[in-house]
Amino acid sequence: MSLLAADNLCLAYGPKTILDGAGFMISPQDRVGVVGPNGTGKSTLFRILSGKQELDDGAVHIARGVSLGYLPQDVLEIGEAPLLESVLSAVPGKVHIEDRLRLAEEDIIHEQEPERQMRLAQRIADLHDQIDRFEAEYSRHKAESILAGLGFKTKDFDKSLSIFSGGWKTRAALAGLLFKKPDLLLLDEPTNHLDIPSLMWLDEFLKQVSSSIMLISHDRDFINRHAQRILSFEIEGLRAYTGNYDQYLVLREQELEVRRAARRNQEAQIRQAEQFIRRFRAKSTKARQVQSRVKKLEKMELVEVDHERASIEFRFPPCERTGRHPVKVENISQSFGPLDLYRNLNAAVERGDRVALIGENGAGKTTLLRIMSGELEPTAGEVKYGTNVELSYYAQHHLDKLNPNRSVLEEVWVVNPSLTQTRVRSICGAFLFSGEEVDKQVGVLSGGEMARVSLAQLLVKPGNLLLMDEPTNHLDLISSEALAETLDSFDGTLIFVSHNRAFIKRLATRIWDIQDGKLIDYPGSLDEYFYHRQNAVETDEPEEVKEAKSTANDSEAKVSFEQRKQINRQRKTLERRIEETQKKIADIEDRVARLDVDKAELEKALSDPSRYDDQGAFDKLLDQFTRKRDKLDELTARWEHLIEEGDKLSSELDELPSH
């Protein structure tokens, strides 16, 4: 059975169509990623499903008894209750049971009839059992564990929600949803306000829950790990694809290839028909054929082709070379009243480094960026810049400093008035403001559009040392990846804060982990940082734990002769099956390569207008193309299955004890 069914959803804002006859179903334990550029309707779809947005037509059917939990991008107000109490109250059933228990206990005191006393006593016992089961399922300990996983401290549990910032309120709302365990979770950018430790915790938590999940995220790694199906806002409408985001991209490209070929064939037919009409319009003997082609053209529905979606596209010019250390922090201490954020912090950045600052929220990542940018004076210590350093700084709070009365063009141009208007327009265009859009007032822009204006400001005068604080926060997945590609072309030095693991993995060559007022420097990528941390945890284990592990390893090593024989037989069987699978994969890859060549030749032939002179020959070619395409699809599916089978066999082989 399905938990939710969307039927013929239609919604438009003025001339802009958001949904036009969209339909899909969500089944138990579904994991669905919702993707598309900003403004296409992802968040609107979630508001529709949660009942917060009315439709022009269509309906959302939710199965009887199914509970739904919705996390919007920004939670503005969730009351003033204490934090822990707000999470516990996310499941209100206990209060109802306790009310019934209290009434039953009051009734039994005043009841004189023995038989009714017995019935009331049994009801009280049953209600106590219900409370025990409820507390086992929704215990205080579980609520505290979820809050801790999302970064809250024990001292926060009794604080009123009203004192928390917007980001922490969103975390509190997420905690309530995860504690409640609804049948269907709608999560709109749940990682937006999470630091790396909280993100890793959420990652593991979502893998364990039994709820179905619909997820919007600009973090490619996150959506890949959780989505088993993709709903994508395409030019044809809302489309469904099996697999994660990477698999969706492959399937979409294959789909577009077929559509492009069909569109080319249509255009060839149109050209041929128009040529015939122009040539024979004046001949009475051809009047019937001319009229037939005119009617055919009028009835023809053109195959829509999803043109290349616009994304940020900018390449940095070569920048001036700095000294070996563009920036150093020496003995930096920072206090805010009684709070000592860090003391005697020292670090140096090498020329060309791409440093990712990570750590828990509140550890001081943004504060350190502000100190390095000169925006904030440290309590003690100093920042030293190398020779020829020209610094640029992108910060989230800079969006609030944009002048709402200026146009996009004016707001970008004011940063570097020496540039020509043509050059500034070109940079605006690279950040998706083209044509009349550069004349839009900043005050009417969305959060994502303002982020792009601020990025364009930064890059009209980029310098050779870039400091960036959460640059992907208001960008969709496509723009986030495009920005990472853009920054990949930067030959200066980059220091940035981000919670987007895919973004960090793409760029970081060094990790600065700020924890407990200290900065720990890890040369290398984010994956290498995780490896170092894991090794550090194992190295720091108490001696008795190490000894216990060593004893266990020794015991495992003492495998009997018969066991070793059995393991060797398993090993040889797996190696033989892996070899057979690899041969099948190689054979399919050869067949696919040959079919690709044949298909390309047929596409070329089909795009030749002269082929339409002989309709029979053209139909034969089209039939050949269809059969080749279908065979390719079949072989691709078999190839994917064999790859998965090979991976599974290899994993089983790796898990066997060593000799």
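These are my notebook entries on a predicted model, going from the whole chain to single residues.

**Entry 1: the whole protein**

I began with the overall counts, and found 659 residues, of which 42% count as buried. The secondary structure comprises 20 helices and 18 strands. I then took the extent of the C-alpha trace, which spans about 105 × 80 × 70 Å along its principal axes. For the accessible surface I noted a total of about 35,300 Å², with 48% of that area belonging to carbon and sulfur atoms. I also looked up how contacts are spread along the sequence: among those between residues at least 6 apart, 70% join residues at least 24 apart.

**Entry 2: charges**

I next looked up the charged side chains, which come to 91 positive and 111 negative, and the centres of the two sets lie 6 Å apart. Where on the surface does negative charge gather in a patch? I found such a patch at Glu-410, Glu-436, Glu-437 and Asp-439. From this group I followed up Glu-410, which belongs to helix 12, residues 408-413. Its relative accessibility is 43%, so I entered Glu-410 as partly exposed.

**Entry 3: a salt bridge between two helices**

The structure holds 36 salt bridges, and I looked at a few of them in turn. In one of them the side chains of Arg-501 and Asp-203 meet, with an N to O distance of 2.4 Å. Arg-501 sits in helix 16 (residues 501-507) and Asp-203 in helix 7 (residues 196-208), and the pair therefore ties together parts that are 298 residues apart in sequence. Are the two partners buried or exposed? Arg-501 counts as buried because its relative accessibility is 8%, and Asp-203 is buried as well, with a relative accessible area of 3%.

**Entry 4: a network of salt bridges**

I then turned to a set of linked salt bridges, a network made up of Glu-234, Glu-236, Arg-239, Arg-252 and Glu-255. Within this network I looked up the partners of Arg-239, including Glu-236, whose side chain meets that of Arg-239 at 2.8 Å, N to O. Arg-239 counts as partly exposed, since its relative accessibility is 25%, and for Glu-236 I likewise noted 25% and the class partly exposed. A further salt bridge joins Glu-255 to Arg-239, at 3.0 Å from N to O. That pair links distant parts of the chain, with Glu-255 in helix 9 (residues 245-280) and Arg-239 in strand 9 (residues 237-242), 16 residues apart.

**Entry 5: Leu-19**

For a residue in a strand I took Leu-19, which lies in strand 2, residues 16-26. Its relative accessibility is 4%, under the 20% limit, so Leu-19 counts as buried. Which residues is Leu-19 in contact with, leaving aside its neighbours within four places in sequence? I listed Leu-9, Cys-10, Leu-11, Leu-45, Ile-48, Phe-233 and Leu-238. I checked Leu-238 further, and although Leu-19 and Leu-238 are 219 residues apart along the chain, their C-alpha atoms are separated by 7.2 Å.

**Entry 6: Gly-36**

For a residue in a loop I took Gly-36, which lies between strand 3 (31-35) and helix 1 (42-49). Although Gly-36 is in a loop, this residue counts as buried, because its relative accessibility is 12%. Leaving aside neighbours within four places in sequence, I found Gly-36 in contact with Lys-42 and Asp-476. I also looked up a separation across the model: the C-alpha atoms of Gly-36 and Thr-285, which are 249 residues apart along the chain, are separated by 53 Å.

**Entry 7: Ser-454**

For a residue in a helix I ended with Ser-454, whose place is in helix 14, residues 447-460. Is Ser-454 buried or exposed? With a relative accessible area of 6%, Ser-454 is buried. Beyond its neighbours within four places in sequence, I noted contacts of Ser-454 with Tyr-394, His-398 and Leu-399.

Note on methods
Residues are numbered from 1 along each chain as its sequence is written. Side-chain values use heavy atoms; hydrogens and water are left out. Helices (H or I, at least four residues) and strands (E, at least two) are DSSP runs, numbered from the N terminus. Buried means under 20% relative accessible area, exposed over 50%, partly exposed in between (1.4 Å probe, protein chains only). Contact means heavy atoms within 4.5 Å. Patches are made of residues with over 30% relative accessible area and no salt bridge: like charges are joined within 9 Å, nonpolar side chains (Val, Leu, Ile, Met, Phe, Trp, Tyr) within 5 Å. Accessible areas come from the Shrake-Rupley method with a 1.4 Å probe; for residues, only the protein chains shown count as cover. A salt bridge is a side-chain nitrogen of Lys or Arg within 4 Å of a carboxyl oxygen of Asp or Glu. Lys and Arg count as positive and Asp and Glu as negative; His and the chain ends are not counted. The place of a charge is taken as NZ of Lys, CZ of Arg, CG of Asp or CD of Glu.
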